[in-house]
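Please open the structure in your viewer and keep the selection tool at hand. The tour below goes from stop to stop, saying at each what to select and what is there.

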2 protein chains.
Amino acid sequence: MEYKVPKYLQIKTDIINAIKSGELKPGDKVDSESVLKKKYNVSSITVRKAFNDLINENYLIGVQGVGTFVAKERINRKLTSISFSDELLQQGYKIDMQVDKIEEIVNENIAEKLEIPPERSIICVRRIRMVNNEPVAYQSSFMDSNMLNLEQAQKICESKSFYKTLAEYNIFPVGATENYSVKAVNDSHIAKLMNLRKGTDTFFVKRTTYGESGKIIEYAETYFNKDWYSVTVEVKI
Amino acid sequence: MEYKVPKYLQIKTDIINAIKSGELKPGDKVDSESVLKKKYNVSSITVRKAFNDLINENYLIGVQGVGTFVAKERINRKLTSISFSDELLQQGYKIDMQVDKIEEIVNENIAEKLEIPPERSIICVRRIRMVNNEPVAYQSSFMDSNMLNLEQAQKICESKSFYKTLAEYNIFPVGATENYSVKAVNDSHIAKLMNLRKGTDTFFVKRTTYGESGKIIEYAETYFNKDWYSVTVEVKI
């Protein structure tokens, strides 16, 4: 007696095997629905069932109107270090950053976040964070200009380590509050730097970093590419 | 001498005032670009500049191809309690849940998450979580059938408090690991229950809950409506 494997399971297994063998690599586009329909002589429903399973099991990512791709392994931030760079370096990633803009601004909303007077000027550092040569995040950091001036901020960008350079000015972060949500990139300039279409959702992080005295050192907003980023936290009663 | 307010700032101020006065309520659609162009006698660029500012400052949400809406106040989970219900009740929300499905399944991937043999049957409870009468989340909880049987699971759904009912069976969670990422709802049934279009991105949470002995009590996957949910965590060095 012949045991017949359902066709959708056949498609699924073949794709998983191709991923495991390295024939299909992260980011690769997989054969389209119509190609697979012909190849396996099945209906659209059968192909979609295989795709749905593979998407739910995180092997594939479906991008509406574009195609279906092999999922990239997400970075998993575990918050073992206050520094994004340090944690990813520990995890074995190659990291880099490119400064987009350093400027002095006046902004009431940001001043409120930094708990400084609304008219005080703020140092703003905007940069792209690269992980394994891919633009994973766009980060805007804000600091009180009385704590760090424009010239000092420029040095931070040369040395590429924010917290190490701050230590040279005797500024030591001891903790941070992070807020996570989903937010679309509506700025074309940022979208372009991140290699995303304008309007794409991102994993959005708002972060307030504190010094020893409880004083706020930095407020930062970061758009993370949603296909590459995740965070794991421990909850205790 | 007359001081002239830039037109985009005029539009912005008018919309903010309408929101603050309650004339525009969370979820309301605001006037379209073409309506505002005529009303203020300005170009599309001017209206878009006002919209962009308001979206960046979280007053409005833009939904491509649909329109621009007054932002809803996001729920901000602060992880002060292991129980979602308890924390939101403390925050003053009205909460409720509707069971979608309770079943006994066999699934290798989930068994791995629960650290039980792959052939062991698993109790699966799928439900919609309502906050202030809105379907905020779709949650699938999985438990070892040796720990909780189908009948017991059904009681949990009647009592509407998961952890309180578990306590009756002497099961006490002491901690959990949560993983956050962005994931599209690709299941039409789930999308419909959440009032979302299929393919919409959500704030996706994978959670493993532990008992006193370090034994895994539950593994859960939850899709949260991205417009309504955020999480805040504390990071310490």
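Begin by selecting A:Asn133, which counts as exposed because its relative accessibility is 54%, where over 50% is the cut-off for that word. This model is a predicted one. A:Asn133 is found in the loop between β5 and β6 of chain A, and its phi is positive, about 65 degrees, although the residue is not a glycine.

Now add A:Asn132, whose place is in the loop between β5 (122-131) and β6 (134-144) of chain A. Here too phi is positive in a residue other than glycine, with a value near 45 degrees. Is A:Asn132 buried, exposed or partly exposed? Its relative accessibility is 40%, and A:Asn132 therefore counts as partly exposed.

Move next to chain B and select helix α2 (residues 33-40) together with helix α3 (residues 44-56), whose axes come within 9 Å and cross at roughly 115 degrees. The two helices α2(B) and α3(B) are therefore roughly perpendicular to each other, and their crossing is right-handed. To see what makes the contact, show the side of α2(B) with B:Glu33, B:Leu36 and B:Lys37, and then the side of α3(B) with B:Ser44, B:Val47, B:Arg48 and B:Phe51. While you are in chain B, select B:Lys49 as well, which lies over the face of B:Tyr8 at 4.4 Å from the ring centre.

The next stops concern aromatic rings, of which a search of the whole structure finds twelve pairs over all chains. Select B:Phe204 and B:Tyr223, which form a tilted pair with 5.0 Å from centre to centre and 50 degrees between the planes. This pair links distant parts of the chain, since B:Phe204 lies in strand β8 (residues 201-211) and B:Tyr223 in strand β9 (residues 216-225), 19 residues apart. B:Phe204 is buried, with a relative accessible area of 3%, and B:Tyr223 counts as buried at 10% relative accessibility.

From there, go on to B:Phe224 and B:Tyr229, a stacked pair with 3.7 Å between the centres and 5 degrees between the planes; both B:Phe224 and B:Tyr229 are buried. Then return to B:Phe204 and add B:Lys183, whose charged end sits over the ring of B:Phe204, 4.6 Å from its centre.

For the last stop, which residues do ring pairs link into a cluster? Select A:Tyr180, A:Phe203, A:Phe224 and A:Tyr229 along with B:Tyr180, B:Phe203, B:Phe224 and B:Tyr229, which ring pairs link into a cluster.

Definitions and conventions: Residues are numbered from 1 along each chain as its sequence is written. Chains are lettered from A and ligands numbered from 1 in the order in which they are written. This is a predicted model: local features need pLDDT of at least 70, side-chain atom pairs count only at pLDDT 80 or more; totals for chains, interfaces and linings use all residues. Side-chain values use heavy atoms; hydrogens and water are left out. Rings of Phe, Tyr and Trp (its six-membered ring) pair if their centres lie within 6.5 Å; planes under 30 degrees apart count as stacked, over 60 as edge-to-face and the rest as tilted. Helices (H or I, at least four residues) and strands (E, at least two) are DSSP runs, numbered from the N terminus. Buried means under 20% relative accessible area, exposed over 50%, partly exposed in between (1.4 Å probe, protein chains only). A charge sits over a ring if NZ of Lys or CZ of Arg is within 6 Å of the ring centre and within 35 degrees of the ring normal. Axes are lines fitted to C-alpha atoms, for helices over the stretch in contact, and angles run from 0 to 180 degrees between N-to-C directions. Angles under 35 degrees count as roughly parallel, over 145 as roughly antiparallel, 65 to 115 as roughly perpendicular and the rest as oblique. A crossing is left-handed if the near helix is turned anticlockwise from the far one by less than a right angle, and right-handed if clockwise. Contact means heavy atoms within 4.5 Å.
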